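New to this one? Here's a quick briefing to read alongside the sequence and the 3D view.

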There are 2 protein chains.
Amino acid sequence: MTDHLLNYNNKIIGIDDLSTGEKFFLQNSFKNKNFKFIKSDLTNLKTAKKIVKNADIVMHFAANADVRYGHKDTYRDIKQNTLVTYSVLESMRVNNIKNIAFCSTGSVYGEAKNFPTPENDTFPIQTSFYGASKLAGESLIQAYCEAFNFKSWIFRFVSILGNRYTHGHVYDFLKQLDQNPKKLNVLGDGNQRKSYLHVDDCISAILTAVNKSKNKVNIFNLGTNEYITVKDSIKEICKTNNLKPKLNFLGGKRGWIGDSPFIYLDCKKIRSLGWKPKFSIKKSLILTTKYINDNKWIFKIRK
Amino acid sequence: MTDHLLNYNNKIIGIDDLSTGEKFFLQNSFKNKNFKFIKSDLTNLKTAKKIVKNADIVMHFAANADVRYGHKDTYRDIKQNTLVTYSVLESMRVNNIKNIAFCSTGSVYGEAKNFPTPENDTFPIQTSFYGASKLAGESLIQAYCEAFNFKSWIFRFVSILGNRYTHGHVYDFLKQLDQNPKKLNVLGDGNQRKSYLHVDDCISAILTAVNKSKNKVNIFNLGTNEYITVKDSIKEICKTNNLKPKLNFLGGKRGWIGDSPFIYLDCKKIRSLGWKPKFSIKKSLILTTKYINDNKWIFKIRK
């Protein structure tokens with residue numbers, strides 16, 4: 001997003017605590033005089049108020065983005081997602097910034113019953129700490145919009161693929177295969193149906209929505225009009241790398257506690273603004289696999 | 001609730017920081033050997049873990065219950081509603097309590113479009129800090145149910161009337177009239193349509209649901225099959241006290257920021273369990289007015 005916006009002559013202040021982000025990914029941005037970087041986390045409201053300022057819009061992408069381990073550390077999502085969102089909103093309020101774009105997640109639908117799932121689906125029941133913390137963030141944003149005349153763009157993503165990918169199933173699989181190309185452990189029964197979006201398509205969708213949709217609260221699903229089973233994902237990854245590992249399914253419909261076995265979002269709303277994705281899920285899987293092949297150093301950044 | 005449960009020989013540990021609760025209301029409970037009281041707030045997790053224990057069920061009613069001033073102190077609802085709910089849940093987890101009943105609110109529907117509003121209404125947009133904080137609480141509870149095998153009963157109330165009433169429109173109106181019986185300031189245009197439930201009916205509904213509904217997550221609207229305008233509320237209150245004040249409407253469709261001009265919940269689900277309210281809204285308004293007439297000391301507990 002930073003590289004893209006800088007290309008169009010925008011001025012950017014990037015704030016990141018680099019706990020899961022990588023400075024290396026900003027190497028092009030750092031060369032640009034319109035880019036300023038602040039290494040800081042936003043959990044402390046006093047600090048946040050000092051640095052979240054002087055902007056037309058805040059793109060609030062800071063989060064724990066890993067849905068899987070919420071129940072292992074029940075406070076992490078509250079702190080990094082809900083409370084950081086509060087810090088950002090409160091800093092915006094005192095510094096008179098009125099526009100916020102927010103990365104939410106398709107996980108807020110819990111285990112949806114309607115597919116593809118539209119933005120105005122029935123009142124959801126949460127199944128993960130991650131989803132709960134993001135819905136709390138969405139709700140806070142909406143309260144700020146009502147009380148303080150903010151405008152918000154809330155994006156409910158499927159999983160994101162593409163360059164600079166550092167977590168998710170392709171990462172996990174390739175990391176395993178890098179150590180042992182003959183065997184692959186797979187969470188669940190492999191029949192989980194999931195939807196993915198390429199990061200370039202994600203960026204263009206966010207900018208389309210922010211430029212064209214001007215309600216008080218603008219909520220958009222972001223995804224492709226497809227889904228793929230975990231088994232078929234593995235096929236694409238292995239075909240790309242010419243591997244034929246033995247698959248060891250760990251069993252169960254769900255890969256982990258709170259894993260939704262079917263994610264498929266209705267993206268008519270964002271498409272009605274003229275956006276459509278350039279990459280199919282298969283193409284995105286292949287590109288992501290190739291990216292990781294060329295950047296094996298990323299295997300070292302996560303336990 | 002405490003008096004009621006003690007009458008049926010239950011053992012109760014009451015925890016209250018008495019910031020908005022009144023010790024006086026527990027005078028009967030204190031006489032009962034099955035009642036133990038701990039004066040503490042639950043914002044501190046370490047403290048909470050020491051006292052939220054040894055119970056079959058936690059009835060988590062601790063909250064800031066006033067929807068009106070959220071935007072004046074943006075952290076209050078997060079702290080007293082969302083984070084205290086986290087403290088309670090985490091204390092339950094470490095102390096192996098698996099059942100929780102939770103006071104949520106009809107405010108989580110924001111400004112609903114469907115009336116009466118059912119529990120499975122469309123995905124809501126929050127309009128108040130109070131609603132946002134309670135939805136965050138609901139969501140956390142659901143995540144605990146999924147991850148740790150909790151059972152939950154989540155109640156979305158309309159406003160509660162009856163004995164021990166210490167905040168809300170009847171309180172505000174009678175307090176004004178106590179000082180000047182000839183004039184009454186009314187927030188909004190008086191045409192706001194609201195629904196109310198008598199506290200005795202609320203208690204019986206909660207116990208009906210907890211005893212009869214045994215899903216993982218049990219969500220119930222609680223209200224009457226009626227609504228009343230603020231103007232008609234005023235009529236009942238004034239008739240009961242033989243007053244004819246000049247009404248001064250402060251204007252606007254909403255009484256305050258985030259006020260929902262129409263609240264009317266679909267209560268078919270709780271009624272399907274055999275519960276129905278004993279008191280109409282009018283009867284509840286009259287009883288509440290008489291209760292306040294006999295307990296004018298409550299005017300002193302709030303600014």
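What follows is a short tour of one helix, one strand and the way the two chains relate. Keep in mind that this is a predicted model.

**Helix α4 of chain A**
- Helix α4 of chain A covers residues 76–94, which makes 19 residues.
- At 1.5 Å a residue it should span 27 Å, and its end C-alpha atoms sit 26 Å apart, which agrees.
- There's a kink in α4(A), though: about 30°, centred on L83(A).
- Of the 19 residues in α4(A), 14 are buried, so the rest of the structure largely encloses this helix.
- After α4(A) comes N96(A), with a positive phi near 60°.

**Strand β10 of chain A**
- Strand β10 of chain A takes in residues 217–222, and 6 of the 6 are buried, so it too is largely enclosed by the rest of the structure.
- In a regular strand, side chains alternate between the two faces of the sheet.
- Both faces of β10(A) are covered: one side has V217(A), I219(A) and N221(A), the other has N218(A), F220(A) and L222(A), and all are buried.
- The pairing partner here is strand β5 of chain A (residues 151–157), which runs parallel to β10(A) over 6 bridges.
- Within that neighbourhood, F157(A) stands opposite L222(A) in β10(A).

**The two chains**
- To lay chain B on chain A, rotate by 180° with 0.0 Å of shift along the axis; the RMSD is 0.0 Å.
- The two copies are thus related as by a two-fold rotation axis.
- As for how they meet, 100% of the interface residues of chain B are also interface residues in chain A, so the copies use the same surface.

Note on methods
Residues are numbered from 1 along each chain as its sequence is written. Chains are lettered from A and ligands numbered from 1 in the order in which they are written. This is a predicted model: local features need pLDDT of at least 70, side-chain atom pairs count only at pLDDT 80 or more; totals for chains, interfaces and linings use all residues. Helices (H or I, at least four residues) and strands (E, at least two) are DSSP runs, numbered from the N terminus. The expected span of a helix is 1.5 Å times one less than its number of residues. The bend at a residue is the angle between axes fitted to the seven residues ending there and the seven starting there. A residue is buried if 20 or more other C-beta atoms lie within 10 Å of its own, exposed if 12 or fewer, and partly exposed in between; C-beta atoms are placed from the backbone. Two strands pair if DSSP finds at least two bridges between them. Copies are superposed by least squares on the C-alpha atoms of residues with pLDDT of at least 70 in both. Two residues are in contact if their C-beta atoms, placed from the backbone, lie within 7 Å.
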